[in-house]
Structures are given as structure tokens and as C-alpha cells.
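Got your viewer open? Let's take a short walk through this structure, one selection at a time.

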Amino acid sequence: MARSAALTAATGTGTAGLFLGRQGVSLAKKGYTRARTTPVKKAAQGVVGSLTPGDSTATRTKSTRGRRLAIGVLIGSLIAGGAVLFKISRREHPPIATAPPRLEDLEEQNSAKLASPDITSAPTTN
């Protein structure tokens, strides 16, 4: 069962690889013929046109400004988040007790509660 599944997967993978390889070869041939038939002046004009100042620099400065603004906002939010996390992690500790707790004190508190019951928490009978 596992052997047949592995063979099927390998066959499918091999077939897909062969198909993609053939597609790549055909695309490479098309690119080669296009490069051979396109005049050099036309190809160079596209490269030189993008290097000359004009409308492209205005859009480039806008995108650069936007990118810088986005990076600034991102850095500011990271700093603010770090400050909040630092503030949350710095919790104040309770004050240090003057003396350690004793069992006698606990027994005195329990006997005082039993001697004077709280009126508001008394059970009601219906």
C-alpha cells in the first residue's frame, strides 16, 4: 500500500517536473527570438528613458516619502508598544511587613469574627 502510494507520488511529481521543464524551454526560446528580432535602439530607449529625469522622479519621491512615513510610524508604534509592555511588567511589590505573621494573631482574628457575627450575612428563614 505504501509502496504504491510512493510510486504514484513520484510518478506525478516526475510528470509535473517534465511538463514545467518543457514550458520553460518554450518560454526561453520565445525570449531568445524576441531578443534577436528587437532592435537595439528600441531596447536601449526603454532603459535610458527610465534614467532621465522627468515624471518618474516625481512618483519615485512620493513613494520614498510614503515609505519613510510608514517606517517612521512602524518604529514609533514599536517604541510605544515596548514602553507599554515595560510598564506592565514593572509591577510594584507589596510593602515589607514589620514582623512575620503568627498563628496567634490568626486565631485572635477568627475568635473575634465568631464572637461578633455580621448581621448582613446572617441566614434568613422563610
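**Stop one: salt bridges**

There are 2 salt bridges in the structure, a salt bridge being a side-chain nitrogen of Lys or Arg within 4 Å of a carboxyl oxygen of Asp or Glu. Before you click, note that this is a predicted model, where local features need pLDDT of at least 70, side-chain atom pairs count only at pLDDT 80 or more, and totals for chains, interfaces and linings use all residues. Residues are numbered from 1 along each chain as its sequence is written, and side-chain values use heavy atoms, leaving out hydrogens and water.

Select Arg102 and Glu104: they form a salt bridge, with their closest N and O atoms 3.7 Å apart. Now add Asp105, which also forms a salt bridge with Arg102, the closest N and O atoms being 3.2 Å apart. Shared partners join Arg102, Glu104 and Asp105 into one network.

How exposed is Arg102? Arg102 is partly exposed, at 48% relative accessible area (buried is under 20%, exposed over 50%, partly exposed in between, with a 1.4 Å probe and protein chains only). Asp105 is partly exposed too, at 31%.

**Stop two: a nonpolar patch**

Next, pick Ile79 in helix α3, residues 55–89 (helices are DSSP runs of H or I, at least four residues, numbered from the N terminus). Ile79 is exposed, with a relative accessible area of 58%.

Add Ile71 and Ile75: with Ile79 they form a nonpolar surface patch, about 300 Å² of accessible area together. Patch members have over 30% relative accessible area and no salt bridge, with nonpolar side chains (Val, Leu, Ile, Met, Phe, Trp, Tyr) joined within 5 Å and like charges within 9 Å. Accessible areas come from the Shrake-Rupley method with a 1.4 Å probe, and for residues only the protein chains shown count as cover.

Conventions. Helices (H or I, at least four residues) and strands (E, at least two) are DSSP runs, numbered from the N terminus.
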